[in-house]
Amino acid sequence: MTSSNRHFFVSLLLSRLADQMLLFLVPLVIYRLTGSVAWSGLAFFFETLPRFLAFPLCGQLCDRHRNDRLLRSSQRWRMATCIAAILGYLAAPHVAWLIGLSALVGVLSTQGVMAREMLLVQAFGATRYERLVSHAQLFDQVGTVLGPLVAAALLARLEWEAVVVVIALGFALSDFAVWRWQRGARPELPMPRSDSPNGYRALLIAGRHLRTSPALPASIGLAMAVNLLLGTLLATAPAIVTGVQNHGEIYYGVLQAGGALATILVLLFTARSLIPADRLGLLAYAAMALGGLMASVTAISPLYAIGFLLVIGFDKMFSVSIRSLRRRVIPSEDFGKTTGLVVMLNNFTQPLGGLLVSATAGFLATGSILLGVALVMVVTGVFILWCYRDHVLPSLGQC
């Protein structure tokens, strides 16, 4: 990795770090200010829902504008939003400022994610794409892990308003790192198409690609099954570890740290592996399905822990495979709008996992819920690979 390209990935790390700090901070601060779980839950809802819904629109913008400029605008506006929210709260104290902050930063973060996805395709020439994505996932994961830890450490020493200012500084430093990358790498980006369709017409074009490329709906089906298992596992983990297994919070923290370490190790392997992307995807899917089956045996702590680590660790390898597939089968002129729609559909089932747990917890044991979801994942994988074997596997194999 050249020094100029390193600035691109450092920018990703800083942006993700600041974003995760804010995700951790806002519901916690709102609970401290109000003492209400309802307000805290509302804040979490407004943090996550806009991110989810904004993907198609942000993808359309990526087809119409230079993505390095979109990325920098995203980071600058996130910084400005943090400062404006603090000033607004100091002038008229109310938790609505924090809820608005989390909602707007969520949308701007989605724009940043989509712009980076496009730049990985457009700006790095002949560099092996799977290697690029693995490095991006690695820096992203480090920021995801460190964000809550840094935020918690700062909150122990500073007022929350000062921590939000630190978060704004993180977005500013991320923007500076992108500027350094632009100056050093001087990426040659394709000319954006200002006449590229948007709105309803863009969704129709994206939908057409889903209909005409069998690999895309197959990958969406597999990703939805993966995210359903992931959402269910994450939603049930605190209750299983601290309740069913009667471990303390320290053990749960160690298990979470182990999941982060497993992810980093798997990504390091993926970045250096010469195994074709389709084989990596199948390996990751099988490992996660096995992990889900193991985790369903909640009464046996070591078996559950191994299953938990398999699901968390191999999730990013599966993501690398899916992103590699999208790069190959989606035309470059429609990559943004189609990817935005695909990513939204891929992630639709993750919050449904939490809803499923909430709806069935009074009727089924937690282990039974995990077992059912893991079996759904196995059946879905077998069904999709059987139905699409003549289209998907040859397409996936063109590495």
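The bend at a residue is the angle between axes fitted to the seven residues ending there and the seven starting there. Helices (H or I, at least four residues) and strands (E, at least two) are DSSP runs, numbered from the N terminus. With these two terms in hand, let us work through some exercises.

This is a predicted model, in which local features need pLDDT of at least 70 and side-chain atom pairs count only at pLDDT 80 or more, while totals for chains, interfaces and linings use all residues. Residues are numbered from 1 along each chain as its sequence is written, and side-chain values use heavy atoms, with hydrogens and water left out.

**Exercise 1. The overall picture**

Find how many helices and strands the protein chain has, and what percentage of its residues is buried.

Solution. Start with the secondary structure: the protein chain has 16 helices and zero strands. Next comes burial, where buried means under 20% relative accessible area, exposed over 50%, and partly exposed in between (1.4 Å probe, protein chains only). Of the 399 residues in the protein chain, 52% are buried. Finally, look at contacts, meaning heavy atoms within 4.5 Å. Among contacts with a separation of 6 or more, 85% are between residues 24 or more positions apart.

**Exercise 2. Two helices with bends**

Locate the bends in H6 and H9, and compare the end-to-end span of each helix with its expected span.

Solution. Begin with H6, residues 129-155. H6 bends by about 30 degrees at Leu146, with Pro148 following within four residues. The expected span is 1.5 Å times one less than the number of residues. For the 27 residues of H6 that gives 39 Å, and the end C-alpha atoms are 39 Å apart, so the two agree.

Now take H9, residues 215-244. Its bend is about 45 degrees, at Thr236, and Pro238 follows within four residues. The 30 residues of H9 should span 44 Å, and the end C-alpha atoms lie 40 Å apart, which agrees. As a last step, check the surroundings: H9 is largely enclosed by the rest of the structure because 21 of its 30 residues are buried.

**Exercise 3. The loop after H9**

Decide whether Gln245 is buried or exposed, and do the same for Asn246.

Solution. Gln245 sits in the loop between H9 and H10. Its relative accessibility is 10%, so Gln245 counts as buried. Outside four places in sequence, Gln245 touches Ile240, Tyr251, Thr298, Ser301 and Tyr304. Asn246 lies in the loop between H9 and H10 (249-272) as well, but Asn246 is exposed, with a relative accessible area of 65%. Then turn to the backbone: phi of Asn246 is near 60 degrees, a positive value in a residue other than glycine. Most residues other than glycine have a negative phi.

**Exercise 4. The nonpolar cores**

Identify which residues have the most contacts inside the largest nonpolar core.

Solution. A nonpolar core is a set of buried Ala, Val, Leu, Ile, Met, Phe, Trp, Tyr and Cys residues joined through side-chain atoms within 4.5 Å. The largest has 38 residues, and those with the most contacts inside it are Phe8, Phe9, Leu119, Leu120, Phe124 and Trp181. H6 supplies the largest share of this core, six residues. A second, separate core of 37 residues includes Leu228, Leu233, Leu280 and Phe314.

**Exercise 5. Charged side chains**

Work out which parts of the chain are linked by the Lys337 and Asp63 pair, and find the nearest side chain of opposite charge to Lys316.

Solution. A salt bridge is a side-chain nitrogen of Lys or Arg within 4 Å of a carboxyl oxygen of Asp or Glu. By this rule the count is ten. In one of them, Lys337 and Asp63 meet at 2.9 Å, N to O. This pair links helix H13 (residues 335-347), which holds Lys337, to helix H3, which holds Asp63, 274 residues apart. Both Lys337 and Asp63 are buried. Asp334 also forms a salt bridge with Lys337, with the closest N and O atoms 3.1 Å apart.

Lys316, in helix H12 (residues 301-329), is a contrasting case. For charge, Lys and Arg count as positive and Asp and Glu as negative; His and the chain ends are not counted. Lys316 is buried yet has no salt bridge, and the nearest side chain of opposite charge, Asp315, is 4.3 Å away.
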